[in-house]
Amino acid sequence: MKTENYTGVREFIFQGFTSFHEHKLTLFVVFLTLYLLTLSGNVIIVTIISIDRHLHTPMYFFLTALSTSETLYTLVIVPRMLSSLVGLSQPISLAGCATQMFFFITLAINNCFLLTAMGYDRYVAICNPLRYMIIMNKRVCAQLVWGACSIGLFVATIQISSVFRLPFCYRKVAHYFCDIRPVMKLSCANTTIHDIINFLISSLVIVVPMVLVFISYVLIISTILKIASAEGRKKAFATCASHLTVVIVHYGCASIVYLKPKSENMRDQDQLISVTYTVFTPLLNPVVYTLRNKEVKDALCRATGKKPLA
């Protein structure tokens, strides 16, 4: 590949949704609506959990952390994406791109491991209920959240150091934010080693928590099936349904994007999948945990002065 004066590349330009040029206004309205719903939903969840003492439990502590992380996650990506849809997109500097990528990676990995911690919480609650509050004490919960964040920070630092050590020849990022693969394609250098490192790291931070969640649910389901009463089994399944729904969508989208082989002809498909985990999945969290969770709905009723649901 010809190395054209790469020292002159000081900023990138997002190509965004060029294939959907005729529908940009429609996309803007849809994404803005979803973004506002996501922000308001997560703020409501965090506020309700904070003020309602009935929700001061390990499960809702993790949910607060996840909602906060999801809110920051969307703030890193969606505003710039929305501005590009209405023609207000500005070039992003190398430092700005590195910063966006750093927070994106940190928060994405943080979300993965928070979901794993929530899976462990459900495992303890169902498989070892008598010792639940002893095992899942405040210190353990704080350590799990801090551990999730630390892994995200550590991996992001490695990834950013690897990607932005490369020389860049081209400016146009074939995406709507600074993701690793689209940015590395702008390099003049051979990125084979970086691609391998990126794939290995992506595999670890997606597959490892996914396997841990899978093991948790194998143990959870085997325990639930041993419960004698149908009502008891139904109640136990209900406590896991919300988390399991979010897990399937989150890990499913991440696996499709980051664990599949590279393809030059799949940009539009990759963008649509990216929209799923940057716009739709953060909204899924507050929707699932409010519409499917009786405790949260009762807390909302108490906060608004209405009678809790029967």
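Me: Helices are DSSP runs of H or I with at least four residues, strands are runs of E with at least two, and both are numbered from the N terminus. How many of each does the secondary structure of the protein come to?
Reply: The protein comes to 10 helices and 3 strands. From the N terminus on, they run β-α-α-β-α-α-α-β-α-α-α-α-α. Before we go on, this is a predicted model, in which local features need pLDDT of at least 70 and side-chain atom pairs count only at pLDDT 80 or more, while totals for chains, interfaces and linings use all residues. Residues are numbered from 1 along each chain as its sequence is written, and side-chain values use heavy atoms, with hydrogens and water left out.

Me: How do you know that the span of helix 5 agrees with its number of residues?
Reply: The expected span is 1.5 Å times one less than the number of residues. Helix 5 covers residues 138–163, so its 26 residues should span 38 Å, and its end C-alpha atoms are indeed 38 Å apart. At its N-terminal end, N137 acts as a cap, with a side-chain oxygen 3.0 Å from the backbone nitrogen of R139.

Me: Why is F154 called exposed?
Reply: The label depends on relative accessible area: under 20% is buried, over 50% is exposed, and anything in between is partly exposed (1.4 Å probe, protein chains only). F154, found in helix 5, has 57% relative accessibility, so F154 counts as exposed.

Me: Which residues of helix 5 are buried?
Reply: Among them are C141, V145, A148 and G152. The buried residues of helix 5 pack against helix 2 (58–85), helix 3 (94–127), helix 6 (180–184) and helix 7 (192–224). Over the whole protein of 310 residues, 47% count as buried.

Me: What makes helix 3 mostly covered?
Reply: Of the 34 residues of helix 3, 25 are buried. The span of helix 3 agrees with expectation too, because its residues should cover 50 Å and its end C-alpha atoms are 49 Å apart.

Me: What makes R171 and E11 a salt bridge?
Reply: Side chains of opposite charge can pair when their charged atoms come close. The rule asks for a side-chain nitrogen of Lys or Arg within 4 Å of a carboxyl oxygen of Asp or Glu. In R171 and E11 the closest N and O atoms are 2.8 Å apart, so the pair meets that rule. The pair links distant parts of the chain, 160 residues apart: R171 is in the loop between helix 5 and strand 3 (172–173), and E11 is in strand 1 (residues 11–14).

Me: Are these two partners buried or partly exposed?
Reply: R171 is partly exposed because its relative accessible area is 35%. E11 is also partly exposed, at 32%.

Me: How many salt bridges does the count come to?
Reply: The count comes to 2 salt bridges. D121 pairs with R122, the closest N and O atoms being 2.8 Å apart. D121 is buried, with a relative accessible area of 1%, and R122 counts as buried at 8%.

Me: Why is L219 called partly exposed?
Reply: L219 lies in helix 7, and its relative accessibility of 36% makes L219 partly exposed. L219 also belongs to a nonpolar patch on the surface, where its companions include L204, V207 and F214. Such a patch joins nonpolar side chains (Val, Leu, Ile, Met, Phe, Trp, Tyr) within 5 Å, or like charges within 9 Å, from residues with over 30% relative accessible area and no salt bridge.

Conventions
Contact = heavy atoms within 4.5 Å. Polar contact = N/O pair within 3.5 Å; in protein donor to acceptor, adjacent residues only side chain to side chain. Areas by Shrake-Rupley, 256 points an atom, 1.4 Å probe, with all protein chains shown as cover.
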